[in-house]
Amino acid sequence: MGRGSLVSRLIWMLASSMAGLWLLGSVAAGMLTVFEVNERLDDAIEEVAQRLLPATYDAVQQPQAMQQMAKHLVATMDPKALAYQIVGPTGDIVMRSENAPETPFSVPRQAGFHDIPQYRVYSQPAAADGYFIEVAEPAVHRSESLRRAVALTVGPLLLFLPLSWFLIRWTVFRSMRSLDQLRSEIGRRDGSNLSQIPDMGLPTELASMLAAVNRLLERLERALATERQFAANSAHELRTPIAAVLAQMQVLSAQLAGTQHAERAGRIVTQIKGLSSLAEKLLQLSRAGAGAGMQRERIDMMTVLQVLVDEFRRREDVGDRLVVTAECPDEFIVHGELDVLGITLRNLIENAVRYGAPDEPIELVVGRDRQIRLLNGGAVIPSETLETLKKPFVRGCSVGAGGGLGLAIVDSVMKQIGGSLTLISPVMGRSGGFEARLVFPEPV
């Protein structure tokens with residue numbers, strides 16, 4: 001069986017098993033009913049024949065009188081009712097019911113039951129020698145009786161079959177509710193939330209699964225905490241020596257100005273600055289991974305944007321290229337931590353400055369639908385590359401001095417606050433460019 005819902009499989013297997021058992025029971029009940037009805041009808045025919053025995057002697061002695069009396073013995077012309085004949089030694093009918101045929105039944109003159117096309121006949125020797133009593137039940141009466149008896153026996157069983165399907169479906173869904181709760185709790189766990197799943201009063205089979213998941217979460221939390229602590233400590237410990245080396249190298253570069261070593265000294269200074277930036281990004285990534293964005297404060301993103309825009313416009317490589325368009329009202333409230341949200345937007349703008357076309361504007365659009373869009377020029381990035389840009393140390397191209405951590409930090413923070421980061425290339429309505437779209441949740 002291929003992939004599919006476990007609930008659907010259980011319902012299908014239980015319902016098909018129940019239907020099979022129900023069908024088997026219905027067939028058995030129908031066969032038993034047919035047997036019992038045949039037995040009862042045969043007993044009734046035989047009983048009528050026994051009751052006609054005393055009339056046989058009178059029919060022989062006074063045939064005319066008994067023929068008139070036959071009308072009172074069977075006072076019906078219903079073709080479905082029992083019919084009888086008293087047949088003499090020569091094969092002529094001495095006495096018969098009005099619903100019996102005028103010719104003798106074509107059955108042998110011997111005791112027992114005989115089946116002919118239209119009747120089931122019971123034959124029995126009469127009180128007078130050579131005479132036979134033949135009581136016949138019309139075949140149509142027996143078939144109707146059997147159909148009615150089988151319908152009354154099997155019909156309710158078949159009617160309860162759809163009801164059993166609904167009952168099975170309801171039982172399975174109710175039983176799987178605990179599994180849905182466990183699945184929901186596991187789904188809430190991610191890199192920023194590895195807390196233990198509380199006891200939910202699960203059945204024994206799921207309780208052992210819950211214990212195994214909690215043990216796994218505990219091991220993951222320890223492993224991630226160790227990894228984050230190592231990255232944070234390493235980056236923190238590197239900041240001071242990097243800053244000292246950078247300061248010394250800047251002094252040396254100034255002293256070597258105008259010499260043949262000036263260019264090499266400048267490249268070293270640039271590389272040390274890149275190393276310092278990488279250490280800073282590692283600290284930010286470690287902080288974002290530790291769930292710093294989970295703190296909830298009311299932050300006005302318009303204020304954060306204004307501070308960052310003023311800062312970037314003072315840079316020589318940005319200036320008036322950074323264009324802000326605000327379509328939303330005066331406030332843009334987001335629940336989060338001020339420093340973390342500031343780092344998020346800073347990384348987004350730095351990414352546009354570093355990788356965007358230097359001769360094209362960088363547009364920041366604050367929309368009414370709680371979105372912040374950042375658009376910059378540049379070559380089209382293939383769609384298969386876009387999603388990988390959210391992973392640490394992945395860059396869309398080799399141009400620039402970045403370490404490939406900016407978008408990973410932005411994506412981590414946006415997930416923690418319940419938002420999302422979407423990367424688009426080319427920009428909608430353009431032949432090229434890159435768009436990063438931040439969607440923020442509604443404030444609670």
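Let me start with tyrosine 122, which at 9% relative accessibility counts as buried, and I should say straight away that what we are looking at is a predicted model. The partner of tyrosine 122 is phenylalanine 113: the centres of the two rings are 4.8 Å apart and their planes stand at 50 degrees, so this pair is classed as tilted. Phenylalanine 113, for its part, is partly exposed, with a relative accessible area of 29%.

That pair belongs to a short list, since the structure holds three aromatic pairs. Another involves phenylalanine 105 and tyrosine 119, whose ring centres lie 5.2 Å apart with the planes at 65 degrees, and because planes over 60 degrees apart count as edge-to-face, that is the label this pair receives. Phenylalanine 105 sits in the loop between strand 2 (93-96) and strand 3 (112-116), while tyrosine 119 is in strand 4 (residues 119-125), so the pair ties together parts that are 14 residues apart in sequence. As for burial, phenylalanine 105 has a relative accessible area of 4% and is buried, and tyrosine 119, at 16%, is buried as well.

Now to the helices. Helix 8, residues 338-355, packs with helix 10, residues 406-416, at an angle of about 145 degrees, and their axes are 9 Å apart; the crossing is left-handed. On the helix 8 side, the contact is made by Val340, Ile343, Thr344, Asn347, Leu348 and Asn351, and helix 10 contributes Gly406, Leu407, Ile409, Val410 and Val413. What classes of residue make up this contact? Seven are nonpolar and four are polar, with no charged residues.

Methods:
Residues numbered from 1 in each chain as written. Predicted model: local features only at pLDDT ≥ 70, side-chain atom pairs only at ≥ 80, totals over all residues. Heavy atoms only, no water. Axes fitted to C-alpha atoms, helices over the stretch in contact; angles between N-to-C directions. Helix = DSSP H or I, 4+ residues; strand = E, 2+ residues; numbered from the N terminus. Left-handed = near helix turned anticlockwise from the far one by under 90°. Contact = heavy atoms within 4.5 Å. Nonpolar A, V, L, I, M, F, W, Y, C, P; charged D, E, K, R; others polar. Phe/Tyr/Trp six-rings, centres within 6.5 Å; stacked < 30°, edge-to-face > 60°. Buried < 20%, exposed > 50% of the residue type's maximum accessible area, 1.4 Å probe, protein only.
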